[in-house]
Amino acid sequence: MDASAKILTVDNHTCNGEWTVVLPRGKRSRNFSKIRTPEEQQQPWVPADLESDSNRQSKLIEKMNICMKKVENSQFYQTLLEQIQTPESLDSFHKVLGSELKMQMVIYGIGSIESYETPRIQLSVAILMKKEFSWIGDIEVFDPVLSATESRVLEALGCSVLSVNEHGRRCVTRPTLFYMPHCEAELYNNLLQANWRVELLNRIALFGNSFEVYQYLSEFRNSTIVDSSRHIVAVREFTHEYVIKTVSDDYFAAFHDSSWHFFSPDPKTELQLFNN
């Protein structure tokens with residue numbers, strides 16, 4: 001999603017506030033559920049189609065295997081691995097790990113892996129990274145557009161599908177890699193807001209849209225962009241960002257304007273909170 005594409009509206013006063021999602025074109029097939037009360041927010045999520053289709057499941061597993069093989073042999077993926085393994089990048093990951101041996105991976109907003117190639121490419125990269133690096137732990141996935149068939153395929157690929165829509169508001173309790181390629185600004189903003197403490201931000205590595213781009217857009221004083229990216233802009237002061245090289249046109253749609261983000265606020269700094 002281009003950083004200036006359609007976005008959510010969100011009440012920034014509380015993690016349980018009412019908000020509505022307007023989705024970007026092309027990646028998703030249906031809207032997020034509207035969350036109106038704390039009780040509704042805690043309701044379990046289940047796919048709209050409750051039964052998995054075994055024939056579709058077999059075809060999708062085959063598609064994913066073909067996609068992963070293509071990605072693994074690509075110059076893009078080799079370049080990505082080289083970027084991750086530079087001393088500077090590895091040092092950033094090790095700082096997030098601290099004394100832990102692994103960081104879990106949380107994937108938000110992957111889209112329909114059955115309907116579109118771009119989500120399949122993005123998921124393939126995540127799964128391949130887990131196989132490549134011993135310090136990446138279990139993978140959890142959520143997108144409200146996922147079908148029962150897609151959920152079964154994700155499980156077959158070694159991932160677990162969340163049963164609750166967290167709306168990006170997971171408060172970390174351990175080192176966590178959030179893999180969020182081309183998500184809406186509000187999901188990044190929600191994640192930062194939920195972890196707006198020095199000790200929590202230090203436990204996060206985030207793969208997603210370049211925060212530098214959001215900062216640039218906010219300077220135009222577009223009220224919608226400003227409201228949806230307040231924490232993104234504020235966190236830039238102590239963010240180390242490493243831009244992803246797409247290398248070829250085959251991977252531009254999946255990863256253009258994407259970056260790794262690491263946060264290192266001064267422990268003595270009091271983080272500013274944002275209110276409307």
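**Overall make-up and a look at helix α2**

The protein chain contains 12 helices and 9 strands. The model described here is a predicted one. Of its 276 residues, 54% count as buried. Contacts that link distant parts of the sequence are also a useful guide for a newcomer: among those between residues at least 6 apart in sequence, 75% join residues at least 24 apart. On the outside, the protein chain exposes about 12,900 Å², and carbon and sulfur atoms supply 47% of that area.

Helix α2 makes a good place to begin a closer look. Spanning residues 54-72, α2 has 19 residues, and the distance from its first C-alpha to its last is 27 Å, close to the 27 Å expected at 1.5 Å a residue. Just at the start of α2, a side-chain oxygen of Asp53 comes to within 2.9 Å of the backbone nitrogen of Asn55.

Which residues of α2 are buried? They are Leu60, Met64, Cys67, Met68 and Val71. These residues lie on the same side of α2, because they cover an arc of only 100° around the axis. The spacing behind such a pattern is a familiar one: an α-helix has 3.6 residues a turn, so residues three or four places apart point the same way.

The two sides of α2 can then be taken in turn. The cover over the buried residues of α2 includes α3 (75-84), α5 (117-132) and α6 (148-156). On the face turned away from this buried side, α2 carries the exposed residues Ser54, Ile66 and Lys69.

Definitions and conventions. Residues numbered from 1 in each chain as written. Predicted model: local features only at pLDDT ≥ 70, side-chain atom pairs only at ≥ 80, totals over all residues. Heavy atoms only, no water. Helix = DSSP H or I, 4+ residues; strand = E, 2+ residues; numbered from the N terminus. Expected span 1.5 Å × (residues − 1). Buried < 20%, exposed > 50% of the residue type's maximum accessible area, 1.4 Å probe, protein only. Arc of directions from axis to C-beta. Contact = heavy atoms within 4.5 Å. Polar contact = N/O pair within 3.5 Å; in protein donor to acceptor, adjacent residues only side chain to side chain. Areas by Shrake-Rupley, 256 points an atom, 1.4 Å probe, with all protein chains shown as cover.
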